[in-house]
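Work through the following exercises with the structure open. Each task is followed by a solution in steps.

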Amino acid sequence: MEKRNNSSKQLDIGDRRKAFNRRTLDDRRITADRRTGRDRRTGRDRRSGWGKIEDHLLRGALAATASIVFQFSRPFTIIIGYVDLLLASSREEHTKEKLVIIKEQLEIISEILDNFREVDTFKTKDFDGVDILDTNKLLDVEEHELDRKIL
Amino acid sequence: MLNLINMNVLLFDSQRDQIVMMKEILNRIGCRVSLVMNEYECFAKLTKKRYDLVIFDHGISGLDVTGFVAQLETIDRRMSVAMMVTLPSRFYEDKYGCSGVDFLIFKPFGYNEILLLVREAFQYSLKLRKAS
């Protein structure tokens with residue numbers, strides 16, 4: 001009994017109903033993913049909340065930086081405030097020296113938080129093979145102290 | 001040189017830790033400070049006594065900032081209003097640019113930033129009182 005192979009029948013050249021490319025014999029349907037909501041004219045995804053992976057990465061990075069700033073700012077404010085108060089009231093030179101070091105380190109963290117706050121472009125830099133967020137500001141952009149701290 | 005002594009400051013936050021620290025700094029500067037932890041207590045204080053500056057936290061849960069500031073303005077238009085904030089400045093400019101918030105102070109801040117804020121607020125408050 002003869003077995004009919006449907007797949008081999010689809011390879012017939014000239015059968016327009018099979019959606020084959022007659023030149024390359026490729027099935028055109030392989031490249032067209034019909035499950036996605038992609039607009040064929042603009043190439044954009046019409047479904048809300050969907051988009052290019054790069055867009056999601058950018059939004060994720062911005063949300064992460066905003067979250068870090070938001071979560072860390074309050075405890076750091078309290079620490080910096082009390083360190084300032086201790087520096088103003090302490091009379092022991094030995095204690096003052098240590099407090100100055102703590103204050104310097106807190107200022108570094110404060111600057112990092114400031115940089116995180118102003119992140120609006122997604123830029124990474126290589127750190128020993130690992131991509132980390134580049135938050136370094138351009139040195140020629142000097143803002144007025146009052147504008148930066150208090151509007 | 002501005003005389004910041006006896007400047008009345010009202011601090012409003014839902015959590016005590018931050019405003020207690022700020023109170024200590026403000027007392028050291030020479031200000032008289034009151035602490036409140038809810039909106040009603042805040043309005044009650046403001047109706048009883050004249051304040052030069054109100055500092056409140058943007059992160060107070062359930063607080064309608066625009067409504068709160070509008071209410072402050074109805075009590076005393078000449079009083080300076082400062083908000084403690086964390087997010088980028090453009091967010092606040094867009095959202096509260098037209099509200100009555102006079103100053104934003106970005107966390108984390110310390111003694112110097114509070115001193116700067118109080119000086120600016122005092123000058124601003126003086127200007128408003130002279131103009132009225």
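**Exercise 1: a helix of chain A**

Task: Find which residues of α3(A) are buried.

Solution. The buried residues of this helix are A:S110, A:L113, A:F116 and A:R117. For the setting, α3 of chain A covers residues 93-117, which makes 25 residues. From its first C-alpha to its last, the helix reaches 35 Å, close to the 36 Å expected at 1.5 Å a residue.

**Exercise 2: confidence**

Task: State what kind of model this is and give the scores of the model.

Solution. The model is predicted. It scores ipTM 0.86 and pTM 0.71. For chain B the mean pLDDT is 89, and 97% of the residues of chain B reach 70 or more.

**Exercise 3: the contact between the chains**

Task: Describe the side of chain B that touches chain A.

Solution. Start with the count: 24 residues of chain B and 21 residues of chain A take part in the contact. Next, locate them. In chain B, α1 (16-29), β5 (103-106) and α5 (111-131) each supply at least two residues of this side. Of these, α1(B) gives the most, with seven residues. Last, sort the residues of the side of chain B by type: 14 are nonpolar, four are polar and six are charged.

**Exercise 4: one residue of α5(B)**

Task: Decide whether B:Y111 is buried, partly exposed or exposed, and list its contacts.

Solution. B:Y111 is in helix α5 of chain B. It has 19 other C-beta atoms within 10 Å. A buried residue needs 20 or more, and an exposed one has 12 or fewer. B:Y111 is therefore partly exposed. Leaving aside neighbours within four places in sequence, B:Y111 is in contact with A:D84, A:A88 and B:I25. The C-alpha atoms of B:Y111 and B:R28 are separated by 9.5 Å, although the two residues are 83 apart along the chain.

**Exercise 5: a peptide bond**

Task: Is the peptide bond from B:K107 to B:P108 cis or trans?

Solution. Omega for this bond is near 0 degrees, and the bond is cis. Most peptide bonds are trans. B:P108 is placed in the loop between β5 and α5 of chain B.

**Exercise 6: the nonpolar core**

Task: Give the number of residues in the largest nonpolar core and name those with the most contacts inside it.

Solution. The largest nonpolar core has 39 residues. Those with the most contacts inside it are B:V9, B:L10, B:L11, B:L53, B:V54, B:I55 and B:A82. Take B:I55 as a case: neighbours within four places in sequence aside, B:I55 is in contact with B:V9, B:L11, B:A82 and B:M84.

How values were computed
Residues are numbered from 1 along each chain as its sequence is written. Chains are lettered from A and ligands numbered from 1 in the order in which they are written. This is a predicted model: local features need pLDDT of at least 70, side-chain atom pairs count only at pLDDT 80 or more; totals for chains, interfaces and linings use all residues. Two residues are in contact if their C-beta atoms, placed from the backbone, lie within 7 Å. Helices (H or I, at least four residues) and strands (E, at least two) are DSSP runs, numbered from the N terminus. Ala, Val, Leu, Ile, Met, Phe, Trp, Tyr, Cys and Pro count as nonpolar, Asp, Glu, Lys and Arg as charged, and the others, Gly among them, as polar. A nonpolar core is a set of buried Ala, Val, Leu, Ile, Met, Phe, Trp, Tyr and Cys residues joined through C-beta atoms within 7 Å. pLDDT is the predictor's confidence in each residue, from 0 to 100. The expected span of a helix is 1.5 Å times one less than its number of residues.
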